[in-house]
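The following paragraphs lead the reader through one protein structure, from its general make-up to its sheets, a helix pair and two single residues. The sequence and the model should be kept in view while reading.

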Amino acid sequence: MSQQTVLVIDDERDIRELLTITLGRMDLKVDSVGTVAEARRALGESSYDLCFTDMRLPDGNGQEVIELIAANHPDTPVAMITAYGNVDAAVNALKAGAFDFVSKPVDIQMLRQLVRTALRLADEKRSGAGKVGASGERLIGESPAMQQVRGTITKLARNQAPVYIAGESGVGKELVARLIHEQGPRAAGPFVPVNCGAIPSELMESEFFGHRKGSFTGAVNDKEGLFQAAHGGTLFLDEVAELPLHMQVKLLRAIQEKAVRPIGGRDEIPVDVRILSATHKNLAALVEQGQFRQDLFYRINVIELRVPPLRERRGDVPLLATFILRQLANKSGAAPGRLLPAAQASLDSYDFPGNVRELENILERAMAMSDGETIDVDDLMLPQRSARVEAPPLPASTQQHTASIPPAIPSGPTPMAAPANPGDGGLDDYISNLERTAIIKALEESRYNKTAAAKKLGITFRALRYKLKKLGID
């Protein structure tokens, strides 16, 4: 096997010599240059297994070098060398495509760990290890929003930057995290998901970092933490907003130092994990409210990926429904259920506050309630929405006492003409006549398509069918 080569780009002679000596002891061949121009020339003449570049260079900056390598040498990992505490520079470097960053003064032990990880992942990437073909099919949808999400996942899988996945409950944030892991060079390593809201506060430190035998009452054996379990792979922090402040501090240190100290342990244990996180809450708002640490927010939110809610990609509902019904059939051993046109139309117009997870629950319930393999509107049992109808006009005697009260702003559709007033028929007859007028008008406007009429009225198809029978409308 040929000797692996590293390019070091830094205008400080001491840094170049330190890296050259350290990497040389790791049996790596090192080329070192001091300017962007020299780096361009070196990259044009040779191929490298790893690159290090300083942020500030005499004729430019490291950002240019990172972008050049990302564009022309995508399989070559590059790490940024930054001044200590320069978080903004590190974040920009990761967004531009850097694998990782090294802070000055350089910690030799951490440098060696970074180099080993970078070269191993680069080898796996070039050999095709961890490539996944079929898993992408699980992210169902052909809408522009989902095509953009899939494209972003492909880009994010190529680097090691922390990713924050934003989205409402039920949109599939963990699935997106798994795809980022499976399509990247860490696919052969573990994917460890953890729901931060499900761990009791007093057990969090032990769960995340592990503990040593006898370190507290009940610690009868050494225990490995989640960071150690994810070594070489990905740690997915779901509902990260639920972390209490004291754990946010400890998590920040673990991410920064790339090491953890088990409870009762003396030494820190190096860990090589990629951090992906998610929450349905507005994390930036929590930072402003002082409920989430700003420094941790910047560490985990280097790149943000928003997963759209189902109501923003309604065209994907039929594809998702078909996929889910096939999955349900595979579990039960029965033939896949089939949505009747009216049932499909009802799903297409529904807002899905619970998103894909709610769609799964609706279809599973519908399969249990349906007669045979077909699913009708009634089987879906979608939550009913009240019809929004303008209130009847007040009698003249009442109007004169309410002249000074401003009219209410209508929140529903364009109001329809209502019968003059209750008269002698009583309130029930008056309301029935009001409903009848509204329903007939909706049916006429929708050319007697009952599904469309129900949507126009803001009620379910099942509710409309009940009212048609009750009011005697054919």
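A residue is called buried when its relative accessible area is under 20%, exposed when that area is over 50%, and partly exposed in between. This scale is needed at several points below. The model to which it is applied is predicted.

The protein has 20 helices and 16 strands. Of its 474 residues, 45% are buried. Among the contacts between residues at least 6 apart in sequence, 69% join residues that are at least 24 apart.

The first topic is the sheet that contains strand S1. This is an open sheet of 5 strands, arranged in the order S2-S1-S3-S6-S7, and the pairing is parallel. Its edges are formed by strand S2, residues 29-33, and strand S7, residues 100-104, each of which pairs on one side only. On average, neighbouring strands of this sheet are turned by 20° against each other, direction ignored. Strand S1, which covers residues 5-9, is joined to S2 by 5 bridges, and the two run parallel. Within this pair, Ile-9 has Val-33 of S2 as its bridge partner. Helix H2, residues 36-45, packs on the sheet and touches S1, S2 and strand S3 (50-54). The direction of H2 makes about 165° with that of S1.

Another open sheet, also described as having 5 strands, follows the order S9-S10-S13-S8-S14, with parallel pairing. Strand S9 (191-195) and strand S14 (303-306) stand at its edges; each has a single partner strand, so one side of each is left without a neighbour in the sheet. From one strand to the next, the twist averages 20°.

Strand S13, residues 274-279, is joined to strand S8, residues 163-166, by 4 bridges, and these strands run parallel. Here Val-163 stands opposite Leu-276 of S13. Helix H6 packs on this sheet, where it touches S8, S13 and S14. The direction of H6 makes about 155° with that of S14. S13 also pairs with strand S10, residues 234-238, in the parallel sense over 5 bridges. In that pairing, Phe-236 has Leu-276 as its bridge partner in S13. Leu-276 therefore appears in both pairings, as the residue opposite Val-163 and as the bridge partner of Phe-236.

How many residues of S13 are buried? The strand is mostly covered, with 6 of its 6 residues buried. In a regular strand, side chains alternate between the two faces of the sheet. In S13, Arg-274, Leu-276 and Ala-278 point one way, Ile-275, Ser-277 and Thr-279 point the other way, and all are buried.

The text now turns from the sheet to a pair of helices. Helix H6 (residues 144-158) and helix H7 (residues 173-182) pack at an angle of about 50°, with their axes 8 Å apart. Because of that angle, H6 is oblique to H7. H6 passes H7 in a right-handed crossing. H6 contributes Ile-153, Leu-156 and Ala-157 to the contact, and H7 contributes Val-176, Leu-179 and Ile-180. By class, the residues of this contact are 6 nonpolar, no polar and no charged.

Two residues remain to be considered for their backbone angles. Lys-258 is not a glycine, yet it has a positive phi of about 55°. Lys-258 lies in the loop between helix H10 (245-257) and strand S11 (259-260). Is Lys-258 buried or partly exposed? Its relative accessibility is 30%, so Lys-258 counts as partly exposed. Phe-352 likewise has a positive phi, of about 50°, although it is not a glycine. The position of Phe-352 is in the loop between helix H14 (341-348) and helix H15 (355-369). With a relative accessibility of 1%, Phe-352 counts as buried.

Note on methods: Residues numbered from 1 in each chain as written. Predicted model: local features only at pLDDT ≥ 70, side-chain atom pairs only at ≥ 80, totals over all residues. Heavy atoms only, no water. Pairing = 2+ DSSP bridges. Axes fitted to C-alpha atoms, helices over the stretch in contact; angles between N-to-C directions. Contact = heavy atoms within 4.5 Å. Parallel < 35°, antiparallel > 145°, perpendicular 65-115°, else oblique. Left-handed = near helix turned anticlockwise from the far one by under 90°. Nonpolar A, V, L, I, M, F, W, Y, C, P; charged D, E, K, R; others polar. Buried < 20%, exposed > 50% of the residue type's maximum accessible area, 1.4 Å probe, protein only.
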